[in-house]
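Colleague: Hey, can you walk me through how the helices and strands fit together in this one? I'm new to this, so keep it plain.

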Amino acid sequence: MRSIVETQEAERNSLAIVLRDNINQTLSSCKLMLESVAAHESASVEVKKSYDFIQKAIEQLKVLTIDLHPSPVLDLGFQEGMQEYISSFVKLYELPVYFNCTNEADDGMVENIQIPTFRILQDSLLMLNHYSVSTNIEINVEKTAEQYIITIKYNDAIFNFDISCKEWQNIRVRLEYLDGKIISLAQEEGMSGIRFEYSAIT
């Protein structure tokens, strides 16, 4: 299981580099050229729309690149990098997400826990966006002496994470990698929830 997960991450990283260094640079160059044209009063509506489309494509590419390789989490630390990802997610999908990570959880989180934790949260957010009617999501990441605890709450009483989709399959693979478990939470104050727990000892 460990070799499969690590191979997948290596492949994602290679693809992220291609997107960032090639396609993103091409789009950014087009954006700069259109920006100078669109600034003139005589610029056509189509030019201005093209500029807006390229800007949106760059934003989507940024999210996709981070999806493939969570460099902000690795470069900035889990808490700050995850917050950057969530900010991009909220901007792209217009789905409010409250994120909290305790200092205990953030401090000393090693890479072989950082990346699977990011993947679990990433796939959970994608599931809630694609398959639920949630309009409010709350994520809390904490750490005890022995384990990490991720709690996700959402305001959709019908949605259940245990569905047949690739995101849920990915979550289960990551939890198996971390030797973790899944706990369904009872509905409380209009919020359903799920909890993931796994060892803090690597």
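Modeller: Sure, let's go through the sheet and then the helix pairs. Keep in mind that this is a predicted model.

Colleague: OK, the sheet. How many strands, and in what order?

Modeller: There are 5 strands in an open sheet, and the order is β1-β2-β3-β5-β4. The pairing is mixed.

Colleague: Which ones are the edge strands?

Modeller: Those are β1 (97–101) and β4 (181–188), and each of them pairs on one side only.

Colleague: And how much are neighbouring strands turned against each other?

Modeller: On average by 15°, ignoring direction.

Colleague: Back to β1. In what sense does β1 pair with β2, parallel or antiparallel?

Modeller: Parallel, over 5 bridges, with β2 covering residues 137–143. If you want a spot to click on, N100 has N140 in β2 as its bridge partner.

Colleague: Nice. What lies across β1 and β2?

Modeller: That's α4, which runs at about 180° to β1. Helix α7 packs on the sheet too, touching β4 and β5 (191–199), and its direction makes about 35° with that of β5.

Colleague: Switching to helix pairs. How do people describe two packed helices?

Modeller: By the angle between their axes and the distance between the axes.

Colleague: So what are those values for α6 and α7?

Modeller: The axes of α6 (residues 111–131) and α7 (residues 166–177) cross at roughly 160° and come within 9 Å. Angles over 145 degrees count as roughly antiparallel, so α6 is roughly antiparallel to α7. Their crossing is left-handed.

Colleague: Which residues make that contact?

Modeller: On the α6 side they include P116, I120, L126 and M127, and on the α7 side W168, I171 and L175 are among them. By class, the contact has 9 nonpolar, 4 polar and 4 charged residues.

Colleague: What about α2 and α4, what's the angle there?

Modeller: About 140°, with the axes 10 Å apart; α2 is residues 45–68 and α4 is residues 78–93. That angle makes α2 oblique to α4. The crossing of α2 and α4 is left-handed.

Colleague: And who's touching whom?

Modeller: From α2 you get E59, Q60, K62, V63, I66 and D67, and from α4 there are E84, Y85, S88, K91 and L92.

Colleague: How does that split by class?

Modeller: This contact of α2 with α4 has 4 nonpolar, 2 polar and 5 charged residues.

How values were computed:
Residues numbered from 1 in each chain as written. Predicted model: local features only at pLDDT ≥ 70, side-chain atom pairs only at ≥ 80, totals over all residues. Heavy atoms only, no water. Axes fitted to C-alpha atoms, helices over the stretch in contact; angles between N-to-C directions. Helix = DSSP H or I, 4+ residues; strand = E, 2+ residues; numbered from the N terminus. Parallel < 35°, antiparallel > 145°, perpendicular 65-115°, else oblique. Left-handed = near helix turned anticlockwise from the far one by under 90°. Contact = heavy atoms within 4.5 Å. Nonpolar A, V, L, I, M, F, W, Y, C, P; charged D, E, K, R; others polar. Pairing = 2+ DSSP bridges.
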